[in-house]
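Biologist: I am new to this structure and would love a guided look at a single part of it. Could you take me through chain B, from its overall build down to a few individual residues?

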Amino acid sequence: MSNPAPEPDFLTSEERALAASFLDLGHVILPVERPDLLARMRALIAAAAAAHLGLPAPSDDGGFLDTIHQRVDGGGLNGLRLAVIEAVGRESWFRPAYYALARQALGHLVGNEMAMQRRLGLSVQLPGDASSLLPVHADVWDGDSAYEVVAWLPLVDCFATKSMYILPLDKDRAVQARLADFAQGSAEDLYRAVEGDARFLDVPFGSILLFTQTAMHGNRINLEPSTRWSMNCRFKSLLSPYADKRLGEFFEPITIRPATRMGMDYRLPGGFDG
Amino acid sequence: MAETRGYRGYIGSRPYFGQRAPQHVQNLVVRDYCRRLEAEYLLSVTEYAMPGCFIMLEEALRELPRIGGIVLYSLFMLPEAKDRRRALYDRVLGQGASLHGAVEGIAIATEADIARVEDIWAVHQLTWTRAAP
């Protein structure tokens, strides 16, 4: 007798595996789905950085970005960052490309009707520079919705202190339950309390990190000999609750499906007076 | 207040007295206030969304020995309890610094300023409560 076919399920085994990993760790690290687009995005950024510094577009984008600290110091860093983010903002293909890097995974984790952050974030962290630090925090404390996922994209290999850290969910929830105990303390006091559990993530170029911003995370001084370049963008299910980061000012719908459009446009017939 | 020490911006991520403004708009208002008063603007800290939480304001207060003061997006982001506000004024003035409300365009640098702001606060709390449904 042959084996019966497996019972059908609402979720595929791939969706189940990804969801289990995300729910367990609060993050997943995956290969980007479109390496060709990632290469194009990085080339644009490297060329914009070079142009700001009065240099020709580099032949080795990764090497140029990794060693940018040889060409700019902390004082010039914000000007460089703003010049690059302005160059990115001028390219209408850049945000669709960003989404395409993790389109399937975001579909599995978030949904297939999506709102996307309008302005992409860019972090450049020079070795030893203390001016670009994000103290330990959860974005939901700052007005982001708990329904969002951050897509964190390294433009160079990010590891150890050149990367970001995040707390495992079980440790995170235990500390958040007593966060009010830290009301009179500093962010550094809070970091000291969680330091032993913080995990610095190894996110090489060519991969993308998807994490929940309900978990505490941040970065420290980059003690590695090369510069961190990373981008970040928030995605959320279009019709899930919004917090202080609203549609229009912060988010924009990117994949409204036809049935939703139909529903938004439809009005029940009126004119009845009985 | 043209001084060499910078002024730390302070914006919020929750409604205050039922009012909210987008964070980038709050930053514009704070930055413009600093510009008009020829004060160096230091990138704003953003208060957390949890009601009654002032963790980030505490962070800014801890900087007082090194900065000229704090520019709040609005004076109505201060703690609602009068004694907590009083303690906060004392910490700021005790460090030789000042506190500012950018929307209101009001600075607190003296005891007289505190009295003026407390009058505004008292009336605001009264009228807001009565106007609420």
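Modeller: Happy to help; what follows goes from the whole of chain B to one of its helices and then to three single residues. Please keep in mind that this is a predicted model.

Let us start with the build. Chain B holds four helices and five strands. Read from the N terminus, these elements come in the order β-α-β-α-β-α-β-β-α. The radius of gyration is 14 Å, close to the 14 Å that the globule rule gives for 133 residues, so chain B is as compact as a globular protein of that length. If you follow the C-alpha trace along its principal axes, chain B spans about 45 × 30 × 25 Å.

Contacts along the chain add to this picture. Taking the contacts in chain B between residues at least 6 apart in sequence, 72% join residues that are at least 24 apart. Of the 133 residues, 50% count as buried. On the outside, the accessible surface of chain B comes to about 6,500 Å², and carbon and sulfur atoms account for 56% of that. As for charge, chain B carries 16 positive and 16 negative side chains, and the centres of these two sets are 3 Å apart.

Now for the interior. The largest nonpolar core has 63 residues, and those touching the most other members are Phe94(A), Tyr98(A), Leu153(A), Leu210(A), Trp229(A) and Met231(A). A second, separate core of 56 residues includes Cys34(B), Leu61(B) and Val92(B), along with Val175(A).

Leu61(B) brings us to the helix I would like you to look at. Helix α2 of chain B covers residues 55–62 and is mostly covered itself, with seven of its eight residues buried. The buried ones are Ile55(B), Met56(B), Leu57(B), Glu58(B), Glu59(B), Ala60(B) and Leu61(B). What lies over them? The cover includes β1 (7–12), β2 (41–47), β3 (69–72) and α3 (82–94) of chain B, together with α8 (187–194) of chain A.

Next, move to strand β5 of chain B, residues 106–108, where you will find Ala107(B). With a relative accessibility of 27%, Ala107(B) counts as partly exposed. Setting aside neighbours within four places in sequence, Ala107(B) is in contact with Tyr33(B), Leu99(B), His100(B) and Asp113(B). Val117(B) is ten residues away from Ala107(B) along the chain, and the C-alpha atoms of the two are separated by 8.9 Å.

Finally, here are two residues to look at for their backbone. Most residues other than glycine have a negative phi. Phe17(B) is not a glycine, yet its phi is positive, at about 55°. You can find Phe17(B) in the loop between β1 and α1 (23–36) of chain B. Glu38(B), also a residue other than glycine, has a positive phi near 55°. Glu38(B) sits in the loop between α1 and β2 of chain B.

Are these two residues buried or exposed? Phe17(B) has a relative accessibility of 10%, under the 20% cut-off, so Phe17(B) counts as buried. The relative accessible area of Glu38(B) is 60%, over the 50% cut-off, so Glu38(B) is exposed.

Conventions
Residues numbered from 1 in each chain as written. Chains lettered and ligands numbered in written order. Predicted model: local features only at pLDDT ≥ 70, side-chain atom pairs only at ≥ 80, totals over all residues. Heavy atoms only, no water. Helix = DSSP H or I, 4+ residues; strand = E, 2+ residues; numbered from the N terminus. Rg over C-alpha atoms; globule rule 2.2 N^0.38 Å. Buried < 20%, exposed > 50% of the residue type's maximum accessible area, 1.4 Å probe, protein only. Contact = heavy atoms within 4.5 Å. Areas by Shrake-Rupley, 256 points an atom, 1.4 Å probe, with all protein chains shown as cover. Lys, Arg positive; Asp, Glu negative; His and termini not counted. Charge placed at Lys NZ, Arg CZ, Asp CG, Glu CD. Core = buried A, V, L, I, M, F, W, Y, C linked by side-chain atoms within 4.5 Å.
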